[in-house]
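Visitor: Hello! Could you pick one spot in this molecule, look at it closely with me, and then walk on from there to the other places worth a stop?

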Amino acid sequence: MEQLASFFALMVLVLSILNVASPFLKFAVNLNMLQSWMLSLYILLVAINSGVFHLYLSFFATLVFKGLIVPILLFRVLRRIGKEREIDMVVSIPSAIVMSGMFVLVSSILSTKLTGLEFLFGRFVFVSSLSTLLIGGMLLVIRKILFSQILGLLIMENAIFLAANSAATGMPLIVELGVLFDILISVLISSVLLLRIRRSFEDIQVESLEVLKE
């Protein structure tokens, strides 16, 4: 079971790096959806291993909210804005991939230095969750399109869920449901904002909002 859990944790990390490497928005949503499925399966393994009942509900809620509802909303928004790829970025894709590799290296070093950490299914889960969190944060900085930044936030949130389910055997169900509902509301609000930016400026780059300062 530990090898299978490590595989799901590895896939969460690999899919976040693939997201960095892809300028195609629809493909990026597919990657994010697949990442949420990997996270859900990891939570299911934690539930089976620990025998905690509410983790089964957490698995189901994560799969429905993050693996189905949010991607469907993002696909609908993508169809409305009619943009297929992101070309203009703060950092080139090869440089961003190198930075992702550095995040993995730093996380690996930290996992050996922090002796008090106790992670279910091993310390690699810590490496995967911290690396994924940093990669999601990097996407927020290097991408100029609000849609890609929403994906960066969702990647960061997946990393936090992975760490929470490894270090503390999950969060209380009511807290987790509240967080998932907040994510859904955040995606809805961001989608409305994205469509308004598109309607007002004929573009979806965040830089377009700087016009409002003038």
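**From one leucine outward**

Guide: Happy to. Let us begin at Leu139, a residue of helix H5, which covers residues 124-142. Please keep in mind that this is a predicted model. Is Leu139 buried or exposed? Its relative accessible area is 1%, and Leu139 counts as buried because the cut-off for that class is under 20%. If you follow the sequence for ten residues from Leu139, you come to Gln149, and the two C-alpha atoms are 6.3 Å apart in space. Gln149 falls within the residue range of helix H6, 146-167.

Helix H6 brings us to the next stop, a salt bridge. Side chains of opposite charge can pair when their charged atoms come close. The structure holds one such bridge, and its partners are Lys66 and Glu157, with 2.1 Å from N to O. Lys66 sits in helix H3 and Glu157 in helix H6, so the pair links distant parts of the chain, 91 residues apart. Are these two residues buried or exposed? Both Lys66 and Glu157 are buried.

Now stay with helix H3, which runs over residues 53-81, and turn to the surface. A nonpolar patch of about 500 Å² is made there by Met1, Ile48, Phe53, Tyr56 and Leu57. Which element gives the most to this patch? It is H3, with three residues. Tyr56 is one of the residues of the patch, and its place is in helix H3. With a relative accessible area of 34%, Tyr56 is classed as partly exposed, because that value lies between the 20% limit for buried and the 50% limit for exposed. Tyr56 also has a neighbour to check in your viewer: Ile43 is 13 residues away along the chain, and 7.7 Å separates the two C-alpha atoms.

The same helix has a part in a charged patch too. Lys26, Arg76, Arg79 and Arg80 form a positive surface patch, and helix H3 again gives the most, with three residues. Take Arg80, which lies in helix H3: at 58% relative accessibility it counts as exposed, because the threshold is over 50%. So helix H3 holds the buried Lys66 as well as the exposed Arg80, and the partly exposed Tyr56 besides.

One more stop concerns aromatic rings. How many aromatic pairs does a search of the whole structure find? The search finds one. Phe7 and Phe8 make up the pair, with 5.8 Å from centre to centre and 55 degrees between the planes. The pair is called tilted because an angle under 30 degrees would count as stacked and one over 60 as edge-to-face. The two rings belong to residues in separate accessibility classes: Phe7 is partly exposed, with a relative accessible area of 42%, whereas Phe8 is buried, at 9%.

Finally, step back to the whole chain. Its secondary structure comes to seven helices and zero strands, so the pattern along the sequence reads α-α-α-α-α-α-α. The chain has 214 residues, and 46% of them count as buried. Leu139, where we started, is among the buried ones, with its relative accessible area of 1%.

Notes. Residues are numbered from 1 along each chain as its sequence is written. This is a predicted model: local features need pLDDT of at least 70, side-chain atom pairs count only at pLDDT 80 or more; totals for chains, interfaces and linings use all residues. Side-chain values use heavy atoms; hydrogens and water are left out. Patches are made of residues with over 30% relative accessible area and no salt bridge: like charges are joined within 9 Å, nonpolar side chains (Val, Leu, Ile, Met, Phe, Trp, Tyr) within 5 Å. Accessible areas come from the Shrake-Rupley method with a 1.4 Å probe; for residues, only the protein chains shown count as cover. A salt bridge is a side-chain nitrogen of Lys or Arg within 4 Å of a carboxyl oxygen of Asp or Glu. Lys and Arg count as positive and Asp and Glu as negative; His and the chain ends are not counted. The place of a charge is taken as NZ of Lys, CZ of Arg, CG of Asp or CD of Glu. Helices (H or I, at least four residues) and strands (E, at least two) are DSSP runs, numbered from the N terminus. Buried means under 20% relative accessible area, exposed over 50%, partly exposed in between (1.4 Å probe, protein chains only). Rings of Phe, Tyr and Trp (its six-membered ring) pair if their centres lie within 6.5 Å; planes under 30 degrees apart count as stacked, over 60 as edge-to-face and the rest as tilted.
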